[in-house]
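Biologist: Could you take one part of this model and go through its strand pairing closely, residue by residue where possible?

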Amino acid sequence: MFSKQTERTRLQPATEGRRLGRLLALLAVLATFTASPVTAADDPPEYSKEGADTCFQCHDDQTVLAVFRTRHAVPGNPDSPFGHGQLQCEACHGPGGAHAGRVRRGEERPPMIQFGPDAVTPVEGQNAQCMNCHLADTGFAWHGSSHDDNTVACADCHTAHIERDPVLAKATQSEVCFDCHQQQRTESFKPYAHPVRQGKMACTDCHNTHGETTDRLLARSDVNSTCYDCHAELRGPYLWEHAPVAEDCANCHNPHGSNQPGMLTMRAPMLCQSCHSQAGHPSLPQDAGGLPGNLPSQFLLGQSCMNCHEQVHGSNHPSGSRLMR
Amino acid sequence: MTTKTTRYISKTAMSFALLAPGLALAQADTSNWKCESCPFDSGARAAYEAGGTYVSDDAARFGNGTGYDEKGGYANLDGAGRLVSEEYLLDWTFADLGADSRMLQIDGGLQGKFGFHVGYRELPYRRFDTTSTIFTQAASDRLLLPSGWVPAGTTAGFTQLATSLAPQNIGTDRQIVDLGADWTPASQFRLFADFRRQTRDGIDITSGPSYTQTSFLPRFIDFETDQIDAGVQYATERASLTLAYYGSFFTNNNPSLTWETPYTAAPGATTLRMAREPDNDFQQVSLSGKYRFDAADTIIAASLATGTGEQDQEFLPYTINPDLGGNALPVPSLGAEVDTMNYALMLTSRPFDKARIKFGYRYDERDNTTPQYDWTRVIVDLFALGEAEQNTPYSFERSHLTLSGELVTWKDIRISGGYDRRTIKRDYQEVAEQTVDEGWGQMRWQPLAWFDFTLKGGASERDIDRYDETVGISLGQNPLMRKYYLAYRYRTYGELVASFTPVDSPLAFTTTVLMADDNYSQSRLGLTDSEELRVTADLSWAIAESTSVYFMIGHEAIDALQTGSEQFSTYDWVARHDDTFDHFGAGLRYAPVDGKLALRFDYNRGDGNTSIFVDSLSGGPSDLPDLESTLDSARIEASYAFSDRLEGTFDLRYERFQLADFAMVSEATLPTVLTMGADPYDYDVYAVGIGIRYRFGVEKLELAD
């Protein structure tokens, strides 16, 4: 073994050699900074020697091993990361040769591809890993979707190392979505709302979160088609249609919740009076004079206009043109 | 160098590495990748929970969704399990079997080849348990007055009312059966099919008008909807193509409702009948595809769907008043048909690393081809309308064009902007053609790994070709009225989103602010102005590895102004609506790894308020009483592990809800409306549940030796 002094002496190059060395080093640095992608391709990152067995030498806690409770770790499924011949942990976390190799004391290990909000890997990089396998089922639509536009990571919603991903269960999904969609969470606590806060309806009952060519990532072609999935009785076509209903349910309803019964966007009769102004009762102002104790008004109290015109979604009665039959 | 700085540099370096075009990975030699230590899942594993829940009081609204609407005890049976081999998998989950919100789901199959699912769930909708009615059910579509009923002209004259009222809860139950399967015969092909049957039954409120009076009727709901989704998908790494079919078939087993009016009626008009939702179906075939080009990371997505909706329910007669008879119907049923066409094209591309552009076009058409006939209406079974009126089958064509781009600039600031154009063409309405042009811009700045800031703003103008007043005039409308969904509108909006999530810090904070202003400047009657403000803030704090707390607030305020005219002239009254809602939430999670006790606590409060101020020439200024609601909802869930397999569970829910709504009046408050007397909600209920959970099968994951 050489002493430090001896080592330094042995490695001391000649003056010309030092100059040549500096020149080569400079060229090497320049080459590094100007390296084309082709150069990167020429020197690809290496995979680990033994795959998952290498990883588990360090990463053996329950959180990591929980992946074996998921569909990502099914040896009989050739498409699964742990399917026969697949890349196991490195299918998602990328080549781990450098990460698992030797590093100098005090030096950080080269990072693997990480997922989640605290990951060092940028969102595009995380999602690219998921899309390696999920391009066909979700990835194509993802590109250009509003979630993609806002740089949402797959791992912002999905938890891969858990037996039952909360975002895939109706009871827990909205908690995940509401992390970002806080305004919708506020609305879900309004007095008249779909049973989302009770965990009996999921956001994906109406929205296709992986992207769609529809507006607002709706699950069906448009708003009405989506509503008719559960409210097919309102689809008609009726003999007597109510024009704004046939066009867009959201003209009168706020599906995320409302202070008004029926999730209406405004209190009746004023909502109806935003369109109807016929002489007589449709055009009368409804004020405190119509309250109990004064002259109770059938246009203000009870179901307001719907006390008589109950069939506001349309009527199929030959005498139902005024939506009363 | 700090840890944060190191992570940021790593992140930056990795982003370049991952986004570098042409970056190739080494070919992995997996011949030595035995995965000998991998604890692959096999065998059966399950956790079942049995117990009971006690609900302290009757409260319909508390049972909405949960099924816990009546005071008393409920059995709790929950569970989930899995049977798995190297290739096969069977998953099952069931919950709330003792309540009307029960669910069961079974998924399984040969993984990667064939899958199936079977599901059943119930969804209770509980509306009122304070309602009552005088009507009795003769059949599911026929209501009778009580024997000895004495008709009167107004509710004040109903001498038999008090003795005839019987409690009648209002609510329905929805049951959903779901069967589906998918098959992957080859790696690029996938076939899928799903069948769902939804049934809904129970009682809802409808109203049955007679002459100038009306009655709230307990209406028996008996709906059935069958839905089919099926298709085939072809997918490669570069492209996918899906051909799909969607069918929805609705049946109403009570397509009409007949009732006896409690009011004094002309001879022949004592028994009345209305039509209810007709049977209908809708079928659609769609073709959608995506293709990815290598050049500039470009993806094109396109979809095309064509569908037909039909309705041919046999008509009721104009009236069942034997003294009128009514004219013969032009047709025994309508033969209504709506043809739909939807197509879309979307292109996204990244012409260079720091830029992305997007183009989208969508077209939706509803072509109502229902034939038109002349109808001679009988008004509320009393008066035959002399003149004929035609049905109006509404159609529209809607398109949406989007153009947007994003550029990553200095300091990773993302600048994006876009232009949207929406058009609608309609028939039979006041506005035949309407165009909304919208421009927006957004800046997203992430100066530090833990600070994310987005600012967005835009403006849109909804313009119309013209407002054809003659359409409204023919229906008696004031020619100055501008319907809010048809009227000219100018909208401006701004949105801010900021999140602070310091790396290695236990705190995370996010806030959003949205402001919007809608101005209907060309409307002299109708909705003229609307303003919106929404604010939210979330704070979470990971106190320790096993403990975290969160706080969240939300505020929403929508102000609207409308005008009306009781003199059928220019506006002579205004109504101002101030609609606010505030939400506060807080919670705690305690779940130590390998600990015996796990705890979860959530509290939510919601305060809603609607103030309506009316000022008219005839009545002067007038405030309607505020419509107020207050919700307090808390839940504590805890589990204690007696052993690796046995746990005790505890679940306490508390909910208090109070509503002030001037419109909810007693049965005879209104002279001409016999209501069902629903009380404004006012309850506080707790539901306490205890149970035992037992786990079967291997739980702890250990590396194989």
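Modeller: In chain B of this predicted model, strand S8 (residues 142-144) and strand S14 (residues 256-260) run parallel and are joined by 2 bridges. Within this pairing, B:Leu143 lies opposite B:Trp259 of S14(B). The two strands belong to an open sheet of 4 strands in chain B, which has the order S7-S8-S14-S15 and mixed pairing. Its edges are formed by strand S7 (136-139) and strand S15 (271-275) of chain B, each of which pairs on one side only. On average, and with direction ignored, neighbouring strands of this sheet are turned by 25 degrees against each other. As background, strands of a sheet pair through backbone hydrogen bonds, in either a parallel or an antiparallel way.

The antiparallel sense can be followed further along chain B, where strand S24 (residues 396-408) and strand S25 (residues 414-426) are linked by 13 bridges. These two strands, S24(B) and S25(B), make a hairpin with 5 residues between them, and there B:Lys411 adopts a positive phi near 60 degrees. S25(B) is also antiparallel to strand S26 (residues 433-448) of chain B, with 12 bridges between the two. That second hairpin, of S25(B) and S26(B), has 6 residues between its strands, and in its turn B:Tyr428 has a positive phi of about 65 degrees. A single residue of S25(B) ties the two pairings together: B:Ser416 is the bridge partner of B:Glu406, and B:Ser416 is also partnered by B:Gln442 in S26(B).

Key: Residues numbered from 1 in each chain as written. Chains lettered and ligands numbered in written order. Predicted model: local features only at pLDDT ≥ 70, side-chain atom pairs only at ≥ 80, totals over all residues. Pairing = 2+ DSSP bridges. Axes fitted to C-alpha atoms, helices over the stretch in contact; angles between N-to-C directions.
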